[in-house]
Amino acid sequence: MKAPSLTLQILGGLIGGLAVGSVLNAVQIPGGTRLVAAADAVGGVWLDALRMTIIPLVFALMVTGMARAADTAGRGGLAGRALVVFAILLLVATGLTALAAPALLSVWPAPAEAAAALRASAAGGLAKIPETPPLADWLRAFIPANPVKAAAEGAMASLVVFALIFGLAVSRLDSARREALVLVFDGVQAAMMVIVRWVLALAPLGVFFLALTVGARTGVGAVGLLGHYVVVITLMCLMAGALGLGAALFGGRTPPGDLAAAMTPVGAMAISTQSSLACLPVMLAACARLGVPEGVRGLVLPLGVALFRITSPAGNLAVALYVAHLYGVHLGTGQVIAGALVAAVVSLAAVGVASSVTFFTTLVPIFMSMGLPMELLPLLLAVETFPDFSRTLGNVAGHVGVTAWAARWRGAGAA
């Protein structure tokens, strides 16, 4: 009999942990407090084991991703323009989320009782959110005078900027040196991925202990809170995907009926596979149906699948804003802007990572740049399979939408 997938095992750990914790919350048993404290410690050790890989993994991914993206941009005008459009749409999607998510949460907040219990359980453990510095100091903070110190202190925003600059510089070296450095950092990220796989193999247990702690402190209200979270993140991802459809409708001047007909099989494939890569053949057929020249769809679509995930920064920033909402943290404008920039940049550079790893690789830098606690991330990973439907739907909408738009760019028909 085939063993359940890791995602199902993690979900099982979440359900089991919440169930046991809720029982401990409802029925006071001898030694229950010590049991919860022990579960919290074990879960914390597992989470720290995962955290230790994040900075070297993200840095290596961004250096190699930036070097390869810059090399791709230099090969032709269509590829370069596509990368610029990808970056702009990522920033727009993230900016809209920064406005829409807090507005939605103010109108439809998280379940008050569960959120209050969660805040109480985090007393003393919540990271202190730094006040927004003056504009000059805020801008200077993005350039690390000492990158090693920035890494040691977890100053993720400045470390991301340094990784981008370093990756761009690597792309400008002669081929022998460039390939040697890319090979080194590719080896670093591969080694980190091995460690991550080792840690994720224990994820069902780690999530179980962390969920037990949350369940013991919040009771059954945690279930409603997680459902509320799934709906909020889903709406933000679908909003980002709508930008992709807008690119086809307004930029590509695609008739709405033709776009709906072409996207129907793509959407069905996205829901069934939850993988934009698996949807590539169907997306190529959809773009052909929309009249996109073969040279355009053959370049822009694969490039988009590799680099452009329009729901990634929007959904990930929404996760950070949701956690800040749960903990009652008021984020300054500087923290939100820093988180939005990191979300957009990391999503563009961190490519080719499994979804379970991407969740941490893309979220932890955002949380670190905004000063947010990360203890809930494993629990949110356990229910990620539900908003992941909307993430994939939004991504394929972005891929097809930009490709349809690219068909109208000057000179694109000859690509």
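Helices, meaning DSSP runs of H or I with at least four residues, and strands, meaning runs of E with at least two, are numbered from the N terminus. The structure is a predicted model, in which local features need pLDDT of at least 70 and side-chain atom pairs count only at pLDDT 80 or more, while totals for chains, interfaces and linings use all residues. Residues are numbered from 1 along each chain as its sequence is written, and side-chain values use heavy atoms, with hydrogens and water left out.

**Exercise 1. Confidence**

State the average pLDDT of the chain, and find the helices where confidence is lowest and highest.

Solution. pLDDT is the predictor's confidence in each residue, on a scale from 0 to 100. The chain averages 84, and 88% of the residues score at least 70. Confidence is lowest in helix α6 (residues 135-140), with a mean of 58, and highest in α15, at 95.

**Exercise 2. A salt bridge in helix α2**

Describe how aspartate 48 and arginine 51 are placed relative to each other, and whether each is buried, partly exposed or exposed.

Solution. A salt bridge requires a side-chain nitrogen of Lys or Arg within 4 Å of a carboxyl oxygen of Asp or Glu; the side chains of aspartate 48 and arginine 51 meet in one, at 3.1 Å from N to O. Because the two residues are three apart in helix α2 (residues 32-51), about one helical turn separates them. For accessibility, buried means under 20% relative accessible area, exposed over 50%, and partly exposed in between, with a 1.4 Å probe and protein chains only. Aspartate 48, at 42%, is partly exposed, and arginine 51, at 29%, is partly exposed too. Finally, Asp48 and Arg51 are linked with Glu375 in a network of salt bridges.

**Exercise 3. Arginine 391, in a salt bridge and in a helix contact**

Identify the salt-bridge partner of arginine 391, then place this arginine in the packing of α15 with α19.

Solution. Of the four salt bridges found in the whole structure, one joins the side chains of arginine 391 and glutamate 384 at 2.7 Å, N to O. Arginine 391 counts as buried at 8% relative accessibility, and glutamate 384 is buried at 9%. As for the packing, axes are lines fitted to C-alpha atoms, for helices over the stretch in contact, and angles run from 0 to 180 degrees between N-to-C directions. Helix α15 (residues 311-326) packs against helix α19 (residues 387-406) at about 145°, with the axes 9 Å apart. Contact means heavy atoms within 4.5 Å, and here Thr311, Ser312, Gly315, Asn316 and Val319 of α15 meet Ser390, Arg391, Gly394 and Asn395 of α19. By class, this contact has one nonpolar, seven polar and one charged residue, where Ala, Val, Leu, Ile, Met, Phe, Trp, Tyr, Cys and Pro count as nonpolar, Asp, Glu, Lys and Arg as charged, and the others, Gly among them, as polar.

**Exercise 4. Packing of α12 with α13**

Work out how α12 is oriented relative to α13, and what classes of residue make the contact.

Solution. Helix α12 (residues 256-273) and helix α13 (residues 280-289) pack at an angle of about 175°, their axes being 9 Å apart. Therefore α12 is roughly antiparallel to α13, a term for angles over 145 degrees, whereas those under 35 are roughly parallel, 65 to 115 roughly perpendicular and the rest oblique. From α12, Ala261, Ala262, Pro265, Val266 and Met269 meet Val282, Met283, Ala286 and Arg289 of α13. The contact divides into eight nonpolar, no polar and one charged residues.
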